[in-house]
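Subject: Structure handover

Hello,

Here is the structure you were waiting for. My notes on strands, cavities and pockets follow below.

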Amino acid sequence: MGATGTHVQLPGVRTWYESEGAGDPLLLLHGGLCTNDTRGAQRAAFAECFRLFLPERRGHGHTPDVDGPLAYRAMADDTIAFIESVVGGPAHLVGWSDGGIVALLVAVARPDLTRKLVVMGADFLPGPLSSAAPEMLHHMRPDAPDMAIFRDLYAARSPHGAGHWPIVAEKVADMIRTQPTISTDALGRITAPTLVVVGDDDLVTLEHTIALYRAVPDAEPAVVPGTSHALPMEKPEQVDRLVLDHLAHDPVPTFFPVRRARSTAPGGARS
């Protein structure tokens with residue numbers, strides 16, 4: 001089945017989404033300042049196995065901006081409403097960067113709507129506390145040369161036109177500098193089998209990624225060598241294999257479990 005796109009009116013915003021493929025539902029969540037155009041490296045492979053849904057978040061792509069600041073929690077609320085109204089039941093969540101943050105928030109708030117979870121290059125604390133290059137956050141000006149690719153994506157899709165770009169760019173930059181603030185206690189309530197993926201030279205530090213992996217019960221980490229924050233586009237086949245294997249299979253029993261050791265003796269003593 002080919003890709004199709006349309007809008008759905010959610011309580012928070014009239015949201016654009018695309019869908020394709022057949023099978024169990026999977027939400028593919030794009031990164032900050034990105035659009036569905038950046039998910040091309042995953043779409044074909046995933047659509048062979050799943051019914052894909054690709055919503056574009058408020059202020060991104062075809063979905064209009066909203067009054068006031070942008071917030072990951074509001075985007076998570078939009079995503080929950082989307083799952084309930086469009087998908088109609090629990091789905092796998094695969095999120096990259098800001099999309100991974102949104103996926104974490106959905107998994108915390110609504111475990112009943114989350115089958116399996118994959119987050120790539122995602123953080124649970126604001127950029128200054130999680131970034132390998134926090135100084136870059138001070139240079140996220142709308143007219144900066146490094147923002148050109150995002151300006152072009154926005155101009156090509158936004159219902160507001162290119163003139164609205166500076167407003168949205170500043171909102172997203174402010175959101176990254178000050179959000180999210182997800183506690184490790186909240187992450188500990190995630191029940192979905194979770195894969196945490198990061199590039200070995202990612203914008204999110206490896207130390208922060210390990211802290212995320214340790215906070216989510218029974219999560220599995222994967223570091224993709226020779227990649228940056230754009231790992232889904234740099235090594236798409238390797239990333240796709242990791243994601244599809246996680247979604248298709250249950251964890252294998254390991255010979256020498258430490259973190260995943262489970263009590264086997266009466267009374268809960270560890271083996």
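Which residue in β8 stands opposite Val 196? The partner of Val 196 is Pro 221. Please keep in mind throughout that this is a predicted model.

The strand around Val 196

On the β6 side, Val 119 is the residue opposite Val 196 of β7. Strand β6 covers residues 114-120 and runs parallel to β7, with 4 bridges between them. Strand β8, residues 220-224, is also parallel to β7, and 5 bridges join the two. Between β7 and β8 the chain passes through helix α8, residues 206-215, in a right-handed β-α-β crossover.

How many residues of β7 are buried? The count is 6 of the 6 in residues 194-199, so the strand is largely enclosed by the rest of the structure. Thr 194, Val 196 and Val 198 point to one side of β7, while Leu 195, Val 197 and Gly 199 point to the other, and all of them are buried.

Cavities

The count of cavities of 30 Å³ or more is 2. The largest has a volume of about 60 Å³. Its lining includes Leu 10, Val 13 and Thr 15, the run Pro 55, Glu 56, Arg 57 and Arg 58, and also Met 75, Asp 78, Thr 79 and Phe 82. By class, this lining holds 5 nonpolar, 2 polar and 4 charged residues.

Helix α2, residues 72-87, gives the largest share of that lining, with 4 residues. Among the buried residues of α2 are Met 75, Asp 78, Thr 79 and Phe 82, along with Tyr 72, Ile 80 and Val 87. Just after α2, Gly 88 has a positive phi of about 85°.

The second largest cavity holds about 50 Å³ of space. Among the residues lining the second largest cavity are Leu 33, Cys 34 and Thr 35, then Gly 59, His 60 and Gly 61, and further along the chain Phe 150, Leu 153, Tyr 154, Trp 165 and Val 168. Two or more lining residues come from each of α5 (148-157) and α6 (165-178), and α5 gives the most, with 3 residues. The lining of the second largest cavity divides into 7 nonpolar, 4 polar and no charged residues.

Pockets

The largest pocket has a volume of about 860 Å³. It is lined by 36 residues, and those closest to its centre are Met 136, Met 140, Phe 150, Leu 203 and His 229. Phe 150 is also one of the residues that line the second largest cavity. Helices α3 (98-109), α4 (127-130), α5 and α6 each give two or more residues to the lining of the largest pocket. The most come from α5, with 3 residues. By class, the lining of the largest pocket has 22 nonpolar, 10 polar and 4 charged residues.

What is the volume of the second largest pocket? The second largest pocket has a volume of about 490 Å³. Of its 21 lining residues, Glu 220, Asp 250, Pro 251, Val 252 and Arg 260 are the closest to the centre. At least two lining residues come from each of β8 and α10 (236-248). The lining of the second largest pocket has 10 nonpolar, 5 polar and 6 charged residues.

Regards

Conventions:
Residues numbered from 1 in each chain as written. Predicted model: local features only at pLDDT ≥ 70, side-chain atom pairs only at ≥ 80, totals over all residues. Heavy atoms only, no water. 1 Å grid on protein atoms, 1.4 Å probe; cavity = no way out; pocket = protein on both sides within 12 Å on 5 of 7 lines; lining within 4 Å. Points joined across faces, edges and corners; volume = space filled by probe spheres on them. Nonpolar A, V, L, I, M, F, W, Y, C, P; charged D, E, K, R; others polar. Buried < 20%, exposed > 50% of the residue type's maximum accessible area, 1.4 Å probe, protein only. Pairing = 2+ DSSP bridges. Right-handed = clockwise from strand over helix to strand, strands pointing away.
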